[in-house]
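Student: I am new to this structure. Please take one part and look at it closely with me. Short sentences would help.

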Amino acid sequence: MFTRQISIAAPIFLLIFLIQEAVVSQFRLPGGGFSILLIFALTWAVLSQPEVAAVIGFASGILMDLSQSSPGPMGHWTLVLILAGYGVAFLGYGDDNIRSNPINIVLITTLGVVASQFVFLILGFLLGQELGNMGHIAFLLAGSAFWTAIVSPLVLKILAFVHANVFGTRSLI
């Protein structure tokens, strides 16, 4: 049954990746913009069990590593998203109050996006990448949090519907 769910979810994530690369990456938004694939993956992780979220983080991380705009080495985003996916799923696992409240899902997703980008920066620094100005980094993290908080509620209802149909669960959102 798990293989069927992954085989249904894989084309969905590939479609989101194509939308990210073809459309969203072309937006020039103040504050750095957002990553629809990162938002999608972490929201999917909040709605899932921790083990499923780690697999989704792995798949999304590989897709983000394949992105042309990814500055890090191959596997960098994969490691970050495995940890982030498992972490946000663990926060909401077993507590239906978090999963049934859209504000909590948006808050956890926004914090997860900012935390995963921060961990990406720290791991990049440990791998020898240039970080740049701390003020610029803080501005980009704040802009990413802002745009994630704006975009997440817009896609949450659709994503919860797709997640419920893929995993055969009833969503309370």
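Tutor: What follows is a close look at helix α7, its packing partners and the pocket that it helps to line.

Keep in mind that this is a predicted model. Helix α7 covers residues 134-167.

Start with one residue. A145 lies in helix α7. Which residues does A145 touch, leaving aside those up to four places away in sequence? They are T110 and V114. Now take L111. In sequence, A145 and L111 are 34 residues apart. In space, their C-alpha atoms are 7.4 Å apart.

Next comes the packing of α7 against α2. Helix α2 covers residues 36-46. The two axes come within 9 Å. They cross at roughly 50°. Angles from 35 to 65 degrees fall outside the parallel and perpendicular ranges, so α2 and α7 are oblique to each other. The crossing is right-handed. Which residues make the contact? From α2 come I36, I39, F40, T43 and W44. From α7 come T148, V151, S152, V155, L156, L159, V162, H163, V166 and F167. By class, this contact of α2 with α7 has 11 nonpolar and 4 polar residues. No charged residue takes part in it.

Helix α1 is another partner of α7. It covers residues 2-22. The axes of α1 and α7 are 9 Å apart, and the packing angle is about 150°. Angles over 145 degrees count as roughly antiparallel, so α1 is roughly antiparallel to α7. On the α1 side, the contact uses R4, Q5, I8, A9 and I12. On the α7 side, it uses V162, V166 and F167. Those α7 residues also appear in the contact with α2. By class, the contact of α1 with α7 has 6 nonpolar, 1 polar and 1 charged residues.

How do the two partners meet each other? Helices α1 and α2 pack at an angle of about 150°, with their axes 8 Å apart. That makes α1 roughly antiparallel to α2. Helix α1 brings A9, I12, F13, I16, F17 and Q20 to this contact. Helix α2 brings I36, L37, F40, A41 and W44. The class split is 10 nonpolar, 1 polar and no charged. A9 and I12 of α1 also belong to the contact with α7. I36, F40 and W44 of α2 also belong to the contact with α7.

Last, the pocket. The largest pocket has a volume of about 970 Å³. It is lined by 32 residues, and the closest to its centre are G32, S69, P71, W77 and Q117. Which elements give two or more residues to this lining? They are α1, α2, α6 and α7. Helix α6 covers residues 102-126. The largest share of the lining, 5 residues, comes from α6. By class, the lining has 16 nonpolar, 13 polar and 3 charged residues.

Notes: Residues are numbered from 1 along each chain as its sequence is written. This is a predicted model: local features need pLDDT of at least 70, side-chain atom pairs count only at pLDDT 80 or more; totals for chains, interfaces and linings use all residues. Side-chain values use heavy atoms; hydrogens and water are left out. On a 1 Å grid over the protein atoms alone, a cavity is a set of points where a 1.4 Å probe fits but cannot get out, and a pocket is an open set with protein on both sides within 12 Å along at least five of seven lines; lining residues have an atom within 4 Å of a point. Grid points are joined across faces, edges and corners, and a volume is the space filled by probe spheres set on the points. Helices (H or I, at least four residues) and strands (E, at least two) are DSSP runs, numbered from the N terminus. Ala, Val, Leu, Ile, Met, Phe, Trp, Tyr, Cys and Pro count as nonpolar, Asp, Glu, Lys and Arg as charged, and the others, Gly among them, as polar. Axes are lines fitted to C-alpha atoms, for helices over the stretch in contact, and angles run from 0 to 180 degrees between N-to-C directions. Angles under 35 degrees count as roughly parallel, over 145 as roughly antiparallel, 65 to 115 as roughly perpendicular and the rest as oblique. A crossing is left-handed if the near helix is turned anticlockwise from the far one by less than a right angle, and right-handed if clockwise. Contact means heavy atoms within 4.5 Å.
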